[in-house]
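Me: I'd like a close look at one part of this protein: the largest nonpolar core. Could you walk me through that part and then show how the rest of the chain is arranged around the topic?

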Amino acid sequence: MRERFGKLPQALQKQVLFRSGASALFWLLFIMILISFRDIYLILPCLLLAGYLTCSSVWLFFQSVTGNYMHLQGECIRMETVGIRKRVRSVHLALEQGMVKIPVRQRIRRLSEGDTVSIYVAEKTPVYERDGIYIISSYYAIEIRR
């Protein structure tokens, strides 16, 4: 399993490690609250979140290892920002197949037009078309290269 994990792209490895680390943190928090307080209202959210993150990290790991993802790589040609702090809301990429718009879920720093963006999506991710632009609503991981 370790060599399979080592063969995964860097962005997917980082995402799997982040999810499994967060699940371990919530399992630890669950055990600490269980021992200290024994209160169901404090235990239940930690238990549910720990279980969800564990299942999510295991699912992402097996989807990645079996190769059930697609790698899209293109040049950033436009970014939509929101708010005073100019947080990136979506990224427009130029691919061989055409223009793709991807809404961004996380904070992206140092992205500028002309950068190469790699996105890892599930094979079954629905793709919608609006005004000649393909819209992908979810992804596993995103990686920015200058």
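What follows is one connected answer that begins with the core and then moves on to the other parts of the chain.

Reply: Happy to take you through it. Please keep in mind that this is a predicted model.

Let me set the scene with the chain. The protein chain holds three helices and seven strands. Read from the N terminus, their order is α-α-α-β-β-β-β-β-β-β. Buried residues account for 36% of the 146 residues.

Now to the part you asked about. The largest nonpolar core has 17 residues, and Val91, Leu93, Ile102, Val117, Ile119 and Tyr139 are the ones that touch the most other members. Two or more residues of this core come from each of strand E1 (69-82), strand E2 (87-94), strand E3 (99-103) and strand E4 (116-122). As general background, nonpolar side chains in soluble globular proteins tend to be buried together.

Ile119 is a good residue to zoom in on. Ile119 sits in strand E4. Ile119 counts as buried because its relative accessibility is 2%, where the cut-off for buried is under 20%. Setting aside residues up to four places away in sequence, Ile119 touches Met70, His71, Leu72, Leu93, Ile102, Tyr139, Ala141 and Ile142. Leu93, Ile102 and Tyr139 in that list are also among the core members that touch the most others. For a sense of distance, the C-alpha atoms of Ile119 and Ile144 are 8.8 Å apart in space, with their positions 25 residues apart in sequence.

Val117 is the next one to select in your viewer. Beyond its neighbours within four places in sequence, Val117 is in contact with Leu72, Gln73, Gly74, Cys76, Leu93, Leu111, Ile142 and Glu143. Leu72, Leu93 and Ile142 also appear among the contacts of Ile119. Contacts that reach far along the sequence can be counted for the chain too: of the contacts between residues at least 6 apart in sequence, 57% join residues at least 24 apart.

There is also a second, separate core of eleven residues, which includes Phe5, Ala11, Leu12 and Leu60.

Let me turn to the helical part through Phe30. Phe30 is a residue of helix H2. With a relative accessibility of 14%, Phe30 counts as buried. Not counting residues up to four places away in sequence, Phe30 touches Ile43, Cys46 and Leu47. Phe30 and Gln106 are 26 Å apart, C-alpha to C-alpha, and 76 residues apart in sequence.

Gln106 brings us to the largest pocket. This pocket has a volume of about 400 Å³. Its lining consists of 13 residues, and those nearest the centre are Lys14, Gln15, Gln106, Ile142 and Glu143. Helix H2 (10-36) and strand E7 (141-145) are the elements that give two or more residues to the lining. H2 gives the most, with five residues. By class, the lining has six nonpolar, three polar and four charged residues. Two of the residues nearest the pocket centre, Ile142 and Glu143, are also contacts of Val117, and this links the pocket back to the core you asked about.

The loops between the strands are worth a visit as well. Lys86 lies in the loop between E1 and E2, and Arg110 lies in the loop between E3 and E4. Lys86 has a positive phi of about 60 degrees without being a glycine. Arg110, likewise a residue other than glycine, has a positive phi near 60 degrees. For background, most residues other than glycine have a negative phi. Lys86 counts as exposed because its relative accessible area is 55%, the cut-off for exposed being over 50%. Arg110 is exposed too, at 70% relative accessibility.

Lys124 belongs to the loop between E4 and strand E5 (127-130). At 80% relative accessibility, Lys124 counts as exposed. The C-alpha atoms of Lys124 and Gly21 are separated by 26 Å, and these residues are 103 places apart along the chain.

To finish, zoom out to the whole chain. The C-alpha trace spans about 55 × 45 × 30 Å along its principal axes. The radius of gyration is 18 Å, while a compact globule of 146 residues would have one near 15 Å.

Methods. Residues numbered from 1 in each chain as written. Heavy atoms only, no water. 1 Å grid on protein atoms, 1.4 Å probe; cavity = no way out; pocket = protein on both sides within 12 Å on 5 of 7 lines; lining within 4 Å. Points joined across faces, edges and corners; volume = space filled by probe spheres on them. Helix = DSSP H or I, 4+ residues; strand = E, 2+ residues; numbered from the N terminus. Nonpolar A, V, L, I, M, F, W, Y, C, P; charged D, E, K, R; others polar. Core = buried A, V, L, I, M, F, W, Y, C linked by side-chain atoms within 4.5 Å. Buried < 20%, exposed > 50% of the residue type's maximum accessible area, 1.4 Å probe, protein only. Contact = heavy atoms within 4.5 Å. Rg over C-alpha atoms; globule rule 2.2 N^0.38 Å.
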